[in-house]
Amino acid sequence: MTSPEKPQADRFPNGSDAFPHKHLLGISGLQPWEILYILDQAEEWVALNRSGASKHDDRLAGLTIINAFFENSTRTLLSFEIAGKRLGADVVNMHAAQSSVKKGETLIDTAVTLNAMRADAIVIRHGSSGAVQLISEKVDCPCLNAGDGQHEHPTQALLDALTIQRRKGPIERLTITICGDVLHSRVARSNIFCLKQLGAEVRVAGPPALLPDALDRFGVETFSNFEEALPGSDVVMMLRLQNERMNGDFIPSPREYFHLYGLEEARLALARPDALVMHPGPMNRGVEIASNVADNLDRSAINEQVEMGVAVRMACLDILTRKARRVEGWS
Ligand code: NCD
């Protein structure tokens with residue numbers, strides 16, 4: 001069994017308390033070694049997940065995890081569910097469409113209700129930025145942010161970092177270009193925090209209307225011309241046009257968007273010859289990415305991102321429930 005045990009004190013400065021946070025609300029505020037610690041632990045869960053028939057490690061047996069999803073999701077919800085089950089926990093999914101939220105219950109009342117059920121961890125996706133933080137203040141157990149509005153999506157950034165690190169080696173040496181609807185993207189925000197903390201050069205490209213003004217503060221270089229951002233890029237990360245968050249028209253038409261910002265073969269050829277293509281999904285084929293680029297397994301890590309998602313979420317659930325499980329060496 002190669003599943004993660006206690007942190008190795010020599011590699012992580014805080015010894016047995018390598019991840020001292022109760023919740024995982026965002027990447028902002030995490031130290032580089034805390035991020036690397038999660039990636040290190042996730043790496044071992046990748047090994048377990050690939051090990052064959054039995055993918056079980058029942059260290060969370062007896063614990064209850066609630067996935068409270070107030071927004072639609074396919075891969076994030078499924079992978080949190082699989083992660084919890086592989087660790088032996090009882091996993092319950094709450095979909096907002098079937099919950100009392102539809103009857104007008106406030107977020108705080110929902111949080112208090114979840115708390116009364118004595119969950120050991122709550123995974124939350126919500127359409128409002130800050131909603132997960134609000135719930136975390138009302139419950140006793142660890143909360144994991146599975147995406148809150150336009151704010152953060154920390155496990156997506158962690159699984160992206162794990163994917164990049166496995167394919168390209170240490171992130172500090174890399175140039176990573178993120179292209180698309182950055183303005184509405186919690187994936188972009190969390191990735192910018194994560195990749196900058198790990199020392200990467202981060203470039204951001206997209207139509208000016210979809211690039212937030214404050215990007216300079218994050219230490220990234222911005223490009224309204226995607227083709228100018230690509231030379232020297234080791235990784236090209238495409239983002240979905242988040243139409244559901246757009247108030248009015250931000251782009252003239254999907255066709256025109258693809259013409260200027262879509263990742264197709266000729267454009268990818270401007271990046272490094274071995275540049276890795278990423279997309280968090282769900283993809284709009286022919287809008288932000290061409291099918292032959294997305295499906296080129298030599299270049300595209302899109303399926304690997306999904307695989308890494310399970311391992312990263314196993315690592316996060318394990319780490320955040322250690323105190324509840326009174327794992328030896330943890331205060
Ligand atoms: C992202 C999300 O929901 O923020 N998807 C995901 O988690 N896999 C990105 C998106 O919806 O475009």
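This passage describes a ligand site, two helix pairs and two backbone features in a predicted model.

The ligand is surrounded by residues from several parts of the sequence. Arg75, Thr76, Arg125, His153, Gln156, Arg186, Val187, Arg240, Gln242, Pro280, Gly281 and Pro282 make up these surroundings. Polar side-chain atoms of three residues can be placed against oxygen atoms of the ligand. For histidine 153, such an atom lies 2.7 Å from a ligand oxygen. For arginine 240, the distance to an oxygen atom of the ligand is 2.7 Å. For glutamine 242, it is 2.8 Å.

Two residues around the ligand, Gly281 and Pro282, also share a notable peptide bond. The bond that joins glycine 281 and proline 282 is cis, with omega at about -5°. Most peptide bonds are trans. Proline 282 sits in the loop between strand 9 (276-278) and helix 10 (291-294).

Helices 5 and 6 form one of the pairs. Helix 5 spans residues 154-168, and helix 6 spans residues 186-197. Their axes come within 8 Å and cross at roughly 55°. Helix 5 is therefore oblique to helix 6. The crossing is right-handed. On the side of helix 5, the contact involves Pro154, Gln156, Ala157, Asp160, Ala161 and Ile164. Helix 6 contributes Val187, Ser190, Asn191, Cys194 and Leu195. By class, the residues of this contact are seven nonpolar, three polar and one charged. Gln156 and Val187 belong to this contact and are also among the residues around the ligand.

Helices 1 and 11 form the other pair. Helix 1 covers residues 32-49, and helix 11 covers residues 302-320. The axes approach within 8 Å, with a crossing angle of roughly 120°. Helix 1 is therefore oblique to helix 11. Here too, the crossing is right-handed. Helix 1 makes the contact through Tyr37, Ile38, Gln41, Ala42, Trp45, Val46, Leu48 and Asn49. Helix 11 does so through Glu307, Met308, Val310, Ala311, Val312, Met314, Ala315, Cys316, Asp318 and Ile319. The contact residues comprise 14 nonpolar, two polar and two charged. The charged residues include Glu307 and Asp318 of helix 11.

A further backbone feature occurs at arginine 118. Its phi is near 55°, a positive value in a residue other than glycine. Most residues other than glycine have a negative phi. Arginine 118 lies in the loop that runs between helix 3 (107-116) and strand 3 (121-126).

Technical notes
Residues are numbered from 1 along each chain as its sequence is written. This is a predicted model: local features need pLDDT of at least 70, side-chain atom pairs count only at pLDDT 80 or more; totals for chains, interfaces and linings use all residues. Side-chain values use heavy atoms; hydrogens and water are left out. Axes are lines fitted to C-alpha atoms, for helices over the stretch in contact, and angles run from 0 to 180 degrees between N-to-C directions. Helices (H or I, at least four residues) and strands (E, at least two) are DSSP runs, numbered from the N terminus. Angles under 35 degrees count as roughly parallel, over 145 as roughly antiparallel, 65 to 115 as roughly perpendicular and the rest as oblique. A crossing is left-handed if the near helix is turned anticlockwise from the far one by less than a right angle, and right-handed if clockwise. Contact means heavy atoms within 4.5 Å. Ala, Val, Leu, Ile, Met, Phe, Trp, Tyr, Cys and Pro count as nonpolar, Asp, Glu, Lys and Arg as charged, and the others, Gly among them, as polar. A residue is near a molecule or strand if one of its heavy atoms lies within 4 Å of it. A polar contact is a pair of N or O atoms within 3.5 Å; within protein, one must be able to donate a hydrogen and the other to accept it, and residues adjacent in sequence count only if both atoms are side-chain atoms.
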